[in-house]
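Here is a short briefing on one protein model. It covers cross-links, charged pairs, strands and confidence.

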Amino acid sequence: MRPLRAGPRVRFLNVRQRRALALLFLLLATAAGFAAPSVVRAATAPDPAPAVAPPAPFGAACRTSVQGSHVIAYCHNPYPDADLVRLHTDCAHWWDLDADAAPVEVGPGQTVRLDDRCWKDVRAVWVTHQKAL
């Protein structure tokens, strides 16, 4: 019987070489992970949106005050467009009806006074704005 011929001798890496190779692969993978998102981000970045002019300033400045069951609001419009303001009064008790005033037009440079009342106590007061047509 003939002895088996061994092929070329295969050399395995020792522990130190395996650790160095693993560290090299780890560093390459980390570097690729940091580089890839920036390349992808640069390739897929959307075109910048066209510049849009900011809207013209609008709306009267309103101050409200509550004294007992009476509500008063002063609204001044410093802008060139007219503003329709409405006073809303929320009464504290369930039997006291809440009120929404009719819209009042506040022209450029004008100040208007709005007032309302509840029978007993006031819970909340606010003013809404709408552009005049």
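Numbering the bonded cysteines of the protein chain in sequence order, what is the pairing? The pairing is 1-2, 3-4. This is a predicted model: local features need pLDDT of at least 70, side-chain atom pairs count only at pLDDT 80 or more, and totals for chains, interfaces and linings use all residues. Residues are numbered from 1 along each chain as its sequence is written, and side-chain values use heavy atoms, with hydrogens and water left out.

**Confidence**

- The protein chain has an average pLDDT of 84 (pLDDT is the predictor's confidence in each residue, from 0 to 100).
- A score of at least 70 is reached by 83% of the residues.
- Confidence is lowest in helix H1 (residues 15-44), with a mean of 73.
- Confidence is highest in E2, at 96.
- Helices (H or I, at least four residues) and strands (E, at least two) are DSSP runs, numbered from the N terminus.
- Where pLDDT is low, the predicted coordinates should not be read in detail.

**Disulfide of cysteine 62 and cysteine 75**

- Searching the whole structure gives 2 disulfides (a disulfide is a pair of cysteine sulfur atoms within 2.5 Å).
- One of them joins cysteine 62 to cysteine 75, with an S to S distance of 2.1 Å.
- This link is right-handed, with 115 degrees about the S-S bond.
- Cysteine 62 lies in strand E1 (residues 61-67) and cysteine 75 in strand E2 (residues 70-76), so the disulfide ties together parts that are 13 residues apart in sequence.
- Cysteine 62 is partly exposed, at 27% relative accessible area.
- Cysteine 75 is buried, at 0% relative accessibility.
- On this scale, buried means under 20% relative accessible area, exposed over 50%, and partly exposed in between (1.4 Å probe, protein chains only).

**Disulfide of cysteine 91 and cysteine 118**

- Cysteine 91 and cysteine 118 are joined by a disulfide, with an S to S distance of 2.0 Å.
- The link of cysteine 91 and cysteine 118 is left-handed, with -90 degrees about the S-S bond.
- Cysteine 91 lies in strand E3 (residues 83-91), while cysteine 118 is in the loop between strand E6 (111-117) and strand E7 (122-131), so the pair ties together parts that are 27 residues apart in sequence.
- Cysteine 91 and cysteine 118 are both buried.

**Salt bridges**

- The structure holds 2 salt bridges (a side-chain nitrogen of Lys or Arg within 4 Å of a carboxyl oxygen of Asp or Glu).
- Arginine 123 pairs with aspartate 90 in a salt bridge, and their closest N and O atoms are 3.8 Å apart.
- Arginine 123 is in strand E7 and aspartate 90 in strand E3, so this salt bridge ties together parts that are 33 residues apart in sequence.
- Arginine 123 is exposed, at 55% relative accessibility, whereas aspartate 90 is buried, at 15% relative accessible area.
- Aspartate 115 forms a salt bridge with arginine 113, and the closest N and O atoms are 3.7 Å apart.
- Aspartate 115 is partly exposed, at 48% relative accessible area, and arginine 113 is partly exposed, at 47% relative accessibility.

**Sheet**

- An open sheet of 3 strands runs in the order E1-E2-E6, with antiparallel pairing (two strands pair if DSSP finds at least two bridges between them).
- E1 and E6 are at the edges with a single partner strand each, so one side of each has no neighbour in the sheet.
- From one strand to the next, the twist averages 15 degrees (axes are lines fitted to C-alpha atoms, for helices over the stretch in contact, and angles run from 0 to 180 degrees between N-to-C directions).
- E1 and E2 run antiparallel and are joined by 7 bridges.
- Cysteine 62 has cysteine 75 as its bridge partner in E2.

**Other residues**

- Asparagine 77 sits in the loop between E2 and E3.
- Asparagine 77 is buried, with 0% relative accessible area.
- A polar atom of the asparagine 77 side chain lies 3.1 Å from the backbone nitrogen of tyrosine 79.
- Aspartate 116 is in strand E6 and is partly exposed, at 21% relative accessible area.
- Aspartate 116 and leucine 87 are 29 residues apart in sequence and 7.9 Å apart in space, C-alpha to C-alpha.

Terms used
A polar contact is a pair of N or O atoms within 3.5 Å; within protein, one must be able to donate a hydrogen and the other to accept it, and residues adjacent in sequence count only if both atoms are side-chain atoms.
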